[in-house]
Amino acid sequence: EMFISGSHRLGVRDIGADIDTVCVAPNFCTREHFFTYLKNDFLNHPDVTELNAVEDALVPIISFDFRGVSIDLLFARLAAN
């Protein structure tokens with residue numbers, strides 16, 4: 001499931017501001033899934049540019065531009081199904 005957070009969630013976004021999102025996955029999805037499968041899907045998508053994956057961060061994040069809109073996608077995993 002995906003959730004919007006940050007300034008967009010609060011309704012105080014500005015022109016050119018990024019969209020902060022959180023990908024909440026079930027506990028069987030791992031950090032490796034996030035940085036392997038999802039990252040590869042983004043890399044192969046024609047509308048995704050400027051992809052940067054920060055795999056060793058405390059909170060895993062993939063930043064990218066989608067059709068010119070900057071998106072920060074954080075990964076969170078549920079403790080239980």
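1. Nonpolar core. In this predicted model, the largest nonpolar core comprises eleven residues: Cys23, Ala25, Phe34, Phe35, Phe42, Val48, Ile62, Phe64, Ile71, Leu73 and Phe75. Two or more residues of this core come from each of β2, α2, β4 and β5. In soluble globular proteins, nonpolar side chains tend to be buried together.

2. Phe75 within the core. Phe75, one of the core residues, has contacts with Cys23, Ala25, Cys29, Thr30, Arg31, Phe34, Val59 and Pro60, when residues up to four places away in sequence are not counted. Among these partners, Cys23, Ala25 and Phe34 are themselves listed in the core.

3. Overall architecture. The chain contains two helices and five strands, in the order β-α-β-α-β-β-β from the N terminus. Of its 81 residues, 22% are buried. Among contacts with a separation of 6 or more, 43% join residues 24 or more positions apart. The exposed surface of the chain is about 5,600 Å², and carbon and sulfur atoms supply 56% of that area.

4. Geometry of helix α2. Helix α2 spans residues 31–43, and its 13 residues should cover 18 Å at 1.5 Å a residue. The C-alpha atoms at its ends are 17 Å apart, which agrees with that expectation. The buried residues of α2 are Phe34, Phe35, Lys39 and Phe42. Viewed down the helix axis, these buried residues fall within an arc of 80°, so they line one face of α2.

5. The two sides of α2. The cover over the buried residues of α2 includes β2 (19–25), β3 (48–54), β4 (61–66) and β5 (69–77). On the face turned away from the buried side, α2 carries the exposed residues Glu32, Tyr37 and Asp41.

6. Salt bridge from α2. Two salt bridges are found in a search of the whole structure. One of them pairs Lys39 with Glu55, with 3.3 Å between the closest N and O atoms. This pair links distant parts of the chain, since Lys39 belongs to helix α2 and Glu55 to the loop between β3 and β4, 16 residues apart. Lys39 is among the buried residues of α2, whereas Glu55 counts as partly exposed, with a relative accessibility of 37%.

7. Salt bridge between loops. The side chains of Asp47 and Arg67 also form a salt bridge, at 3.1 Å from N to O. Asp47 is in the loop between α2 and β3 and Arg67 is in the loop between β4 and β5, so the pair ties together parts that are 20 residues apart in sequence. Asp47 is partly exposed, at a relative accessible area of 24%. Arg67 is exposed, and its relative accessible area is 64%. Side chains of opposite charge can pair when their charged atoms come close.

8. Surroundings of Phe66. Phe66 belongs to strand β4 and counts as partly exposed, with 28% relative accessibility. The cut-off for a buried residue is under 20% relative accessible area, so Phe66 at 28% does not qualify as buried. Its C-alpha atom is separated by 4.7 Å from that of Val48, a residue 18 positions away along the chain. With neighbours within four places in sequence left aside, Phe66 is in contact with His45, Asp47, Val48 and Ile71. Of these partners, Val48 and Ile71 are listed in the largest nonpolar core, while Asp47 takes part in the salt bridge with Arg67.

How values were computed: Residues are numbered from 1 along each chain as its sequence is written. This is a predicted model: local features need pLDDT of at least 70, side-chain atom pairs count only at pLDDT 80 or more; totals for chains, interfaces and linings use all residues. Side-chain values use heavy atoms; hydrogens and water are left out. Helices (H or I, at least four residues) and strands (E, at least two) are DSSP runs, numbered from the N terminus. Buried means under 20% relative accessible area, exposed over 50%, partly exposed in between (1.4 Å probe, protein chains only). Contact means heavy atoms within 4.5 Å. Accessible areas come from the Shrake-Rupley method with a 1.4 Å probe; for residues, only the protein chains shown count as cover. The expected span of a helix is 1.5 Å times one less than its number of residues. The arc is that of the directions from the helix axis to the C-beta atoms. A salt bridge is a side-chain nitrogen of Lys or Arg within 4 Å of a carboxyl oxygen of Asp or Glu. A nonpolar core is a set of buried Ala, Val, Leu, Ile, Met, Phe, Trp, Tyr and Cys residues joined through side-chain atoms within 4.5 Å.
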